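Subject: The structure you asked about

Hi there,

Here is the structure, ready for you to open alongside this message. Have a look first, and then read on for what turned up in it.

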Amino acid sequence: MTASAVCLIDASIYIFRYYFSLPERRFSEPEAYGTDAVYGFTGFVLQLLERHRPQRLAVCFDESLETGFRHQLYPLYKSSRALPDAALAFQLKACAQVTQLLGLATFASQRYEADDLIGSLYASCCAEPAPIAILSRDKDLAQLLTREQDCLWDFSADVRYQHDDIKAKYGVAPGQIVDYLALVGDAGDDIPGVPGVGAKTAIGLLRYFGSISALFQRLDEVAHVPVRGARTLAAKLLAAREQIQLAQQLATIICDIPLLQKPAQLQRAPVDIAAFTEFSRAMGWTDALAKRARKLT
């Protein structure tokens, strides 16, 4: 990844990774909340800045855990996920402070999810030819990859998926990800799929028809698709049509939130060393991370 690239970071993926993987109470702040996730997330951001020196970045956080527009469309959306308790909420807020102290553009919304913020930033940045890296492990974000130079970057594993890699990994192209999820569902987001339609069937249908829209226009051809149970599949799809349409709405990332006018607005600002050092000490850490942040200047 070159310094000219734009990095769009899905913060929650990394925060939760460290929250559930680091030893409990490795660090603590004066109110006795653990700060393990904050420490791990800060180390991740510093490592990205040290190794790759990107100059334009945005970090997107989820704040619409119960207030987002998808919950209004479908109250059971992400209903199986427990809301953050006070300890985790503290760390989520602290991670947003970290990105601001490190001079990174930070975005959050009560209505839109981090995916929507990333999607809208991605759309704005596509006005320039510079490659865009979306740092996440969430396959939903693969739907954004409309250009060959862009990638979905699993930073922890150092694996990058570009447009053609998505099709090789999931069996469908980025532009078909929404329709794929509408057919098979998404257990992680509590989006139901069509009964009797699994991954292989969904891939077969989308390879044959290209899209759900074309599928319903040619429903009489479904029986001829080389997938298991093809003869009874048309009736199942027709019975689930409204559910499929809802699932498409839930799975589609919003890309037109007016977050910025020019990609230059994502340019890194100087690190606030004094404030970052004070923050680190308040978290109960040594000055090791502050020393690393100082070198970035």
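Strand β4 (residues 132-135) runs parallel to β5, and the two pair over 3 bridges. In that pairing, Leu 135 sits opposite Trp 153 of β5. Please keep in mind that this is a predicted model.

On its other pairing, β5 meets strand β6 (residues 159-161) in the antiparallel sense, again with 3 bridges. Here Trp 153 has Arg 160 of β6 as its bridge partner. The hairpin that β5 and β6 make has 4 residues between the strands, and Asp 158 in this hairpin has a positive phi near 55°.

Which way do the side chains of β5 (residues 151-154) point? Cys 151 and Trp 153 go one way, Leu 152 and Asp 154 go the other, and all of them are buried.

Trp 153 also turns up among the aromatic rings. The whole structure holds 12 aromatic pairs. Take Tyr 14 and Phe 44: their ring centres are 4.1 Å apart and their planes meet at 10°, so this pair counts as stacked. Tyr 14 belongs to helix α1 (residues 11-21) and Phe 44 to helix α2 (residues 36-52), so the pair ties together parts that lie 30 residues apart in sequence. Both rings belong to buried residues: Tyr 14 has a relative accessibility of 1%, and Phe 44 has a relative accessible area of 2%. Ring pairs join Tyr 14 and Phe 44 with Phe 41, Phe 61, Trp 153 and Phe 155 in a cluster.

Now for the nonpolar cores. In soluble globular proteins, nonpolar side chains tend to be buried together. The largest core in this model has 58 residues, and those touching the most other members are Leu 8, Leu 183, Leu 205, Val 222, Leu 237, Ile 244 and Leu 266. Leaving out residues up to four places away in sequence, Leu 8 touches Leu 266 as well as Ala 58, Ile 118, Leu 121 and Tyr 122, plus Ile 132, Ala 133, Ile 134 and Leu 135. A second, separate core has 42 residues, including Tyr 14, Phe 41, Leu 49 and Phe 61.

One last residue for you: Asp 190, in the loop between α7 (177-184) and α8 (199-209). How far away is the nearest side chain of opposite charge? That side chain is Arg 81, at 5.8 Å, and Asp 190 is buried without a salt bridge. Beyond its neighbours within four places in sequence, Asp 190 contacts Tyr 74, Leu 76, Tyr 77, Lys 78, Ser 79, Ser 80 and Arg 81.

Best wishes

Conventions: Residues numbered from 1 in each chain as written. Predicted model: local features only at pLDDT ≥ 70, side-chain atom pairs only at ≥ 80, totals over all residues. Heavy atoms only, no water. Core = buried A, V, L, I, M, F, W, Y, C linked by side-chain atoms within 4.5 Å. Buried < 20%, exposed > 50% of the residue type's maximum accessible area, 1.4 Å probe, protein only. Contact = heavy atoms within 4.5 Å. Lys, Arg positive; Asp, Glu negative; His and termini not counted. Salt bridge = Lys/Arg side-chain N within 4 Å of Asp/Glu carboxyl O. Pairing = 2+ DSSP bridges. Phe/Tyr/Trp six-rings, centres within 6.5 Å; stacked < 30°, edge-to-face > 60°.
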